[in-house]
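The following questions and answers examine a protein chain from its domains down to single residues. Each answer closes on the item that was asked for.

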Amino acid sequence: MTADNSSSGSRVDVVVIGGGAVGENVAGRTAAAGLDTVLVENSLIGGECSYWACMPSKALLHPGTALAAARSLPGAAEAVTGDLDAREVLARRNAFTSNWDDASQADWVRDAGIRLIRGTGTLTAPRDVQVRTGDGEVVHLHARFAVVLATGSYPTPPPIPGLDTVDYWTTREATSAQEVPQSLAVVGGGVAGTELAQAWARLGARVTLLARHDVLGSFPEPARALVKASLEADGVDLRLHCSPTGVRETGDGISLSLDDGDTVVAEKLLVATGRTPALAGLGLEKLIEDGALPADPKLADPRHGVLVTDPSGLAAGTDWLYAVGDAAGKVLLTHQGKYEARAAGSAIAARARGKLQGRPSDWSAEAATADERAVPQVVFTDPEVAQVGLDLPAARAAGFNASETALDIDVAGAALLRRDYSGWASMVVDEDRHVVLGMCFAGPGVSELLHAATIAVVGQVPLDRLWHAVPAYPTVSEVWLRLLEKYGL
Ligand SMILES: Cc1cc2nc3c(=O)[nH]c(=O)nc-3n(C[C@H](O)[C@H](O)[C@H](O)COP(=O)(O)OP(=O)(O)OC[C@H]3O[C@@H](n4cnc5c(N)ncnc54)[C@H](O)[C@@H]3O)c2cc1C
């Protein structure tokens with residue numbers, strides 16, 4: 001079923017607006033619980049992650065990482081006789097996005113027992129959703145139990161004079177481009193900007209990366225230093241602590257004036273300066289005006305937000321409206337959004353059956369408790385950065401009596417992976433309870449260390465028990481042993 005618009009005016013159990021990874025997961029959960037669930041999507045089912053974010057960006061990055069790994073291994077290095085084949089990399093990326101065709105995801109939706117309506121959903125009253133389909137039909141739905149907003153986010157352009165006059169790339173164009181530009185200026189040193197700067201540099205573009213502060217500013221300095229050294233080795237021109245003051249098209253490309261007086265000219269410009277939850281135009285303004293929904297006083301424009309204080313994603317002041325994933329604006333990551341989706345889906349089903357009243361308890365299946373202190377995140381540059389939980393400043397700001405143990409990764413498993421392996425790891429400990437609050441790893445291949453750290457943080461495993469989790473030899477995980485030894489065990 002690629003479309004089912006036959007439910008005009010129907011009463012249904014659950015309406016999910018937005019069929020990205022997160023919306024699919026809520027709908028899958030409520031449908032599996034036997035609730036009549038309608039999923040409303042106005043673009044590709046699977047959303048940003050499948051077509052313009054996680055999957056294509058990693059498909060662009062991994063071949064460069066594999067090549068660098070081979071080049072750094074004597075024996076393998078000698079077999080490397082050329083550079084990346086950009087055409088093949090782009091073709092493989094196209095395959096990972098199914099050439100921007102969502103037929104297989106639509107099949108999954110149908111097989112999961114979810115009814116799909118292709119169109120744009122808007123709230124018209126509490127529990128009432130109006131869907132305008134592509135062919136102009138208007139479908140009215142009334143949700144008995146829940147309406148879920150899983151509408152994602154959109155790029156937030158910075159206020160650079162002239163930006164609206166040039167044809168610039170957002171992350172969508174940067175993940176779907178079919179040719180390697182000769183030169184690329186990237187504005188924004190966050191995760192997306194940094195990953196895409198390295199991907200395109202390794203594919204052959206001359207890349208300049210402009211960051212208002214530092215690259216990957218939310219990660220610890222030693223991790224940032226490793227990534228910056230690698231970007232520079234890839235030929236990326238790093239312009240830190242500088243901002244564009246103007247943009248214009250010239251005969252040579254797009255020209256950026258910088259606040260240090262310099263000018264950067266590039267064939268393409270990528271602006272990757274953050275994202276905003278996609279809640280405008282959903283009808284929230286009217287619900288807030290009518291008093292059916294409280295405004296979120298923390299938002300710059302409270303008419304376009306949902307105040308979520310319940311760990312299941314339930315909007316404050318309602319028993320029917322949920323927000324999850326990027327739309328909820330808490331953690332803009334696919335895996336965490338899908339986790340919120342599982343919690344919301346379970347809570348909707350439990351509330352529908354009268355098995356859950358009020359706020360779900362922490363760490364129950366209906367609560368996304370890990371959102372608060374145990375969010376894992378990977379930066380898929382080469383070297384990678386993988387972090388979970390709190391770093392030292394955040395731990396202290398949260399009131400913990402925290403310490404940090406940090407060291408360079410210098411274990412046999414790492415040395416075997418690459419000649420001149422450089423890596424860094426840190427462990428933040430709650431000194432009162434002797435449990436791990438957060439960990440960060442930087443280095444080639446460290447993303448696969450992260451789940452063990454996530455388990456340690458979520459499980460609040462005491463350090464003296466963690467001591468008995470013996471890392472296999474020779475793996476990079478031996479860094480755990482080194483950290484515990486340095487800590488004093
Ligand atoms: C370049 C880049 C790389 C990233 N890499 C990673 C990564 O490696 N790992 C990771 O965890 N996260 C990554 N992210 C973040 C990740 O992409 C998002 O967190 C994730 O896509 C959010 O999923 P979502 O379902 O909430 O929103 P989306 O994927 O944006 O889905 C929302 C859907 O709702 C639809 N929609 C919106 N409004 C309406 C409406 N009114 N009616 C009907 N449909 C509507 C949209 O068409 C869209 O399909 C990356 C982001 C970017 C930009």
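Domain bounds here come from an automatic or database domain assignment. The model is predicted.

Q: Into which domains is the chain divided, and how far apart do the C-alpha centres of domain 1 and domain 2 lie?
A: Domain 1 is made of the segments 10-50, 98-155 and 277-371. Domain 2 covers 163-273, and domain 3 covers 383-487. Between the C-alpha centres of domain 1 and domain 2 the distance is 34 Å.

Q: In what order do the 5 strands of the open sheet lie, and which are the edge strands?
A: The sheet has the strand order 16-17-20-19-18, with antiparallel pairing. An edge strand pairs on one side only, and this applies to strand 16 (376-379) and strand 18 (402-408). On average, neighbouring strands of the sheet are turned by 10° against each other, direction ignored. The order is thus 16-17-20-19-18, and the edge strands are strand 16 and strand 18.

Q: Which helix packs on the sheet, and what angle does its direction make with that of strand 18?
A: The helix touches strand 18, strand 19 (424-430) and strand 20. It spans residues 478-487 and is helix 16; its direction and that of strand 18 make an angle of about 130°.

Q: How many bridges join strand 17 to strand 20, and which residue is the bridge partner of Ala 386?
A: Strand 17 (residues 384-389) runs antiparallel to strand 20, and 6 bridges join the two. In strand 20, the partner of Ala 386 is Phe 441.

Q: Which residues of strand 19 point one way, which point the other way, and how many of its residues are buried?
A: Trp 424, Ser 426, Val 428 and Asp 430 point one way from strand 19. Ala 425, Met 427 and Val 429 point the other way, and these residues too are buried. The number of buried residues in strand 19 is 7 of 7.

Q: Which residues are the bridge partners of Ser 403 and Ser 426?
A: Strand 18 and strand 19 run antiparallel and are joined by 7 bridges. Strand 19 also pairs with strand 20, again in the antiparallel sense and over 7 bridges. The partner of Ser 403 in strand 19 is Val 429, and that of Ser 426 in strand 20 is Cys 440.

Q: Which residue takes a positive phi in the hairpin of strand 19 and strand 20?
A: The hairpin has 4 residues between its strands. One residue in this loop has a positive phi of about 55° although it is not a glycine. At 38% relative accessibility the residue falls between the 20% and 50% limits, so it counts as partly exposed. The residue is His 434.

Q: Is Ser 447 buried or exposed?
A: Ser 447 lies in the loop between strand 20 (435-443) and helix 14 (450-459). Beyond its neighbours within four places in sequence, Ser 447 is in contact with Val 378, Glu 384 and Ala 386. Because its relative accessibility is 16%, and the limit is under 20%, Ser 447 counts as buried.

Q: Where are the cis peptide bonds that precede Pro 383 and Pro 474?
A: Pro 383 is found in the loop between strand 16 and strand 17, whereas Pro 474 is in the loop between helix 15 (463-466) and helix 16. Omega is about 5° for the bond to Pro 383 and about -5° for the bond to Pro 474. The bonds join Asp 382 to Pro 383 and Tyr 473 to Pro 474.

Q: How many residues of helix 10 are buried, and which residue follows the helix with a positive phi?
A: Helix 10 (residues 334-352) reaches 26 Å from its first C-alpha to its last, close to the 27 Å expected. The helix is mostly covered, with 14 of its 19 residues buried. The residue that follows, with phi near 75°, is Gly 354.

Q: What covers the buried residues of helix 3?
A: Helix 3 (residues 54-71) has 18 residues. Its buried residues include Pro 56, Leu 60, Leu 61 and Leu 67. Among the elements that cover them are helix 2 (47-51), helix 4 (86-96), helix 6 (171-176) and helix 7 (191-202).

Key. Residues numbered from 1 in each chain as written. Predicted model: local features only at pLDDT ≥ 70, side-chain atom pairs only at ≥ 80, totals over all residues. Heavy atoms only, no water. Buried < 20%, exposed > 50% of the residue type's maximum accessible area, 1.4 Å probe, protein only. Contact = heavy atoms within 4.5 Å. Pairing = 2+ DSSP bridges. Axes fitted to C-alpha atoms, helices over the stretch in contact; angles between N-to-C directions. Expected span 1.5 Å × (residues − 1).
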